[in-house]
Amino acid sequence: MSVFDRLSNVFKGAVSLRLNAMETRNPEAVYAAAIEGGTERAVELKQRIAGLIGTRNKAEEEVRAADRELEQLARARAAAASEGEEDVFIVLEYQHGELTRKRDDALARVEGLAVQVEEGKSALMAFRAELEALKREQTSMLAKKELAA
């Protein structure tokens with residue numbers, strides 16, 4: 001271990017001891033910082049969930065659009081089959097397969113995003129509960145400190 005590494009460790013240790021002493025003397029600041037940081041993280045999580053919901057809604061619209069196109073293709077295929085237009089029917093059959101694949105992909109995205117949204121909502125609710133518990137703990141600590149003074 002070099003001299004600089006050892007000096008760095010000594011410096012880090014000294015700073016850590018100072019911070020611990022400051023936190024012990026001013027727990028209100030520690031609670032306030034933790035609550036503020038938690039509130040910011042909750043807002044970020046909420047924004048991520050909103051983004052997932054937007055993406056899920058777009059994928060749902062893709063599924064609905066594909067369903068409408070598949071209905072049109074089904075009618076066109078039936079007309080081509082009844083009129084004996086084999087070439088047209090083959091092209092429409094190919095288009096049906098491609099569109100069905102795209103629809104299935106979009107549906108899989110919708111299902112995956114729906115799970116992610118629900119997991120995010122659950123995580124947000126749990127996070128908010130933890131934040132409320134921290135606020136209650138802060139209030140209790142401040143009351144005890146006030147009574148001791």
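## Overview of the chain

Of the 149 residues in the chain, 19% count as buried, where buried means under 20% relative accessible area, exposed means over 50%, and partly exposed covers what lies in between (1.4 Å probe, protein chains only). This is a predicted model, in which local features need pLDDT of at least 70 and side-chain atom pairs count only at pLDDT 80 or more, while totals for chains, interfaces and linings use all residues. Residues are numbered from 1 along each chain as its sequence is written, and side-chain values use heavy atoms, with hydrogens and water left out.

The chain holds three helices and zero strands, and its pattern along the sequence reads α-α-α; helices (H or I, at least four residues) and strands (E, at least two) are DSSP runs, numbered from the N terminus. About 11000 Å² of the chain is exposed, and carbon and sulfur atoms supply 59% of that area, as computed by the Shrake-Rupley method with a 1.4 Å probe, where for residues only the protein chains shown count as cover. Among the contacts in the chain with a separation of 6 or more, 78% come from residues 24 or more positions apart, a contact being heavy atoms within 4.5 Å.

## Helix α3 and its buried face

Helix α3 runs over residues 86-148, which is 63 residues, and spans 92 Å from its first C-alpha to its last, close to the 93 Å expected at 1.5 Å a residue; the expected span is 1.5 Å times one less than the number of residues in the helix. The buried residues of α3 are L92, L99, R103, A106, V110, L113, V117, G120, L124, L131, Q138 and M141, and the buried residues of this helix pack against α2 (27-82).

How accessible is Q138 of helix α3? At 17% relative accessibility, Q138 counts as buried, and, leaving aside its neighbours within four places in sequence, Q138 is in contact with E28, Y31, A32 and I35.

A view from α2 is offered by V63, which lies in that helix and counts as buried at 9% relative accessibility. With neighbours within four places in sequence set aside, V63 is in contact with R103, A106, L107 and V110, and the C-alpha atoms of V63 and D105, which are 42 residues apart along the chain, are separated by 8.9 Å.

## Nonpolar cores

In soluble globular proteins, nonpolar side chains tend to be buried together. The largest nonpolar core here consists of six residues, namely A66, L70, L73, A80, L92 and L99, a nonpolar core being a set of buried Ala, Val, Leu, Ile, Met, Phe, Trp, Tyr and Cys residues joined through side-chain atoms within 4.5 Å. The elements that give two or more residues to this core are α2 and α3, and α2 gives the most, with four residues. A second, separate core of five residues includes A42, I49, V117 and L124.

Within the largest core, A80 can be followed individually: not counting residues up to four places away in sequence, A80 touches E85, V88, F89 and L92.

## Salt bridges along the helices

A search of the whole structure finds twelve salt bridges, each being a side-chain nitrogen of Lys or Arg within 4 Å of a carboxyl oxygen of Asp or Glu. An α-helix has 3.6 residues a turn, so residues three or four places apart point the same way. In helix α2, R48 and E44 lie four residues apart, about one turn of the helix, and their side chains meet in a salt bridge at 3.8 Å, N to O; R48 is exposed, with a relative accessible area of 53%, whereas E44 is partly exposed at 40%.

E60 and R56 also both lie in helix α2, four residues apart, about one turn of the helix, and form a salt bridge with the closest N and O atoms 3.9 Å apart. Here E60 is partly exposed, with a relative accessible area of 26%, while R56 is buried at 18%. In helix α3, E132 and K135 are three residues apart and so are separated by about one helical turn; their side chains meet in a salt bridge of 3.6 Å, N to O, with E132 partly exposed at 39% and K135 partly exposed at 31%. Finally, E61, R64 and R68 are linked in a network of salt bridges.
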